[in-house]
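Welcome! Please take a look at the structure below, and then let us walk through some of its local details together.

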Amino acid sequence: MSALLQFQHKPIRFCFERLLDAAMLGGRVAAWSYQRGWHGRLSVVRREVTVSGQVLLPAPLVIGFASDFHAGPTTHPGVFEELAAQVRRVRPDVLLLGGDYVSLGARHVDQLRDCLGALSAPLGVFGVIGNHDVWHGRAPIEAALREAGIELLHNRNVALPAPFGMVSICGIDDPWTGEPCVPAAFAGAGPVRVFLTHSPDGLHYVDGETFDVAFAGHTHGGQVARADGTPMARPQGPLSRRYCYGSFDLPDNGPLIVSRGVGCSKLPLRINADPELVVCTLRSQ
């Protein structure tokens with residue numbers, strides 16, 4: 001999206017982001033923050049989910065999930081190197097990406113090219129798009145993801161390769177700024193369904209579809225939180241406020257796992273909301 005179109009569509013947001021971009025001094029503020037440990041310490045957070053029903057997985061399926069990179073002047077690229085190193089160490093069977101790859105301009109996806117190229121998994125890497133990607137023009141961001149071998153799930157699903165062909169990854173467009181269509185995302189999906197949405201508000205569109213586990217980002221866990229993890233300010237979106245961070249049991253479905261993400265938005269600062277790579281092991285009953 002051109003700067004003129006952004007201004008015409010959201011003039012207040014456009015002006016705020018231009019001021020923020022200038023205030024970040026070309027990434028020097030983020031570098032200063034990162035060097036002092038104020039981006040937090042990226043960790044691996046492990047979850048376990050048991051698949052209900054009669055479907056038997058041939059083995060436990062290890063799913064990696066990373067979200068909210070926010071490449072740009074508010075996030076130092078060092079955190080992307082840390083993420084790539086953790087993915088290499090953990091070696092998940094499949095890797096899912098939850099959107100918001102950039103902040104303050106689609107051009108910043110160039111900062112992610114080395115990281116994206118280093119992200120791999122035997123059964124594939126799949127991603128969805130977030131609101132920041134839509135705001136700043138999704139086409140070059142989607143092109144960079146595809147060049148890195150990442151398969152984008154825009155209201156569709158894909159079955160994993162053998163021996164996990166019974167598992168479908170079902171992804172939707174961003175719930176608020178995109179054009180999400182859950183029925184299309186779940187059409188023809190296998191008996192074990194993994195729901196991938198940028199934000200928890202994707203649950204608004206589920207409307208009777210069932211899944212075994214859902215993954216979302218967007219919230220950053222508040223990004224700045226009290227010592228007990230309570231966010232100082234909750235994100236936009238009613239379900240993003242309700243499901244701000246952690247694993248949540250949902251009625252008539254599997255759990256929703258919400259990640260704090262990787263990068264920083266608005267401010268190059270994380271307090272009591274460290275970045276993370278989620279590693280979820282899916283098992284049969």
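Proline 163 sits in the loop that runs between strand 6 and strand 7; helices (H or I, at least four residues) and strands (E, at least two) are DSSP runs, numbered from the N terminus. The peptide bond leading from alanine 162 into proline 163 is cis, with omega near 10 degrees. This is a predicted model, in which local features need pLDDT of at least 70 and side-chain atom pairs count only at pLDDT 80 or more, while totals for chains, interfaces and linings use all residues. Residues are numbered from 1 along each chain as its sequence is written, and side-chain values use heavy atoms, with hydrogens and water left out.

The two strands around that loop also pair. Strand 6 and strand 7 (residues 167–171) run antiparallel to each other over four bridges, where pairing requires that DSSP finds at least two bridges between two strands. Valine 158 faces isoleucine 169 of strand 7 across this pairing. In general, strands of a sheet pair through backbone hydrogen bonds, either parallel or antiparallel.

Both strands belong to an open sheet of six strands, in the order 6-7-8-9-11-10, with mixed pairing. At its edges are strand 6 (156–159) and strand 10 (246–248), each pairing on one side only.

Two residues that are not glycine have a positive phi, and they are set side by side here.

| Residue | Phi | Loop | Relative accessibility |
|---|---|---|---|
| Histidine 220 | near 60 degrees | between strand 9 (213–216) and helix 9 (238–242) | 5%, buried |
| Lysine 266 | about 70 degrees | between strand 11 (256–258) and strand 12 (276–284) | 49%, partly exposed |

Here, buried means under 20% relative accessible area, exposed over 50%, and partly exposed in between (1.4 Å probe, protein chains only).

Now for a helix. Alanine 84 is in helix 4 (residues 78–90) and is buried, with a relative accessible area of 5%. Which residues does alanine 84 contact, leaving aside its neighbours within four places in sequence? They are Ala118 and Leu119, with contact meaning heavy atoms within 4.5 Å. Alanine 84 and alanine 118 are 34 residues apart along the chain, yet their C-alpha atoms are separated by 6.2 Å.

Finally, a pocket. The second largest pocket is lined by 14 residues, and Leu203, Val206, Leu250, Pro251 and Asn253 lie nearest its centre. A pocket is an open set of points on a 1 Å grid over the protein atoms alone, where a 1.4 Å probe fits, with protein on both sides within 12 Å along at least five of seven lines; lining residues have an atom within 4 Å of a point.
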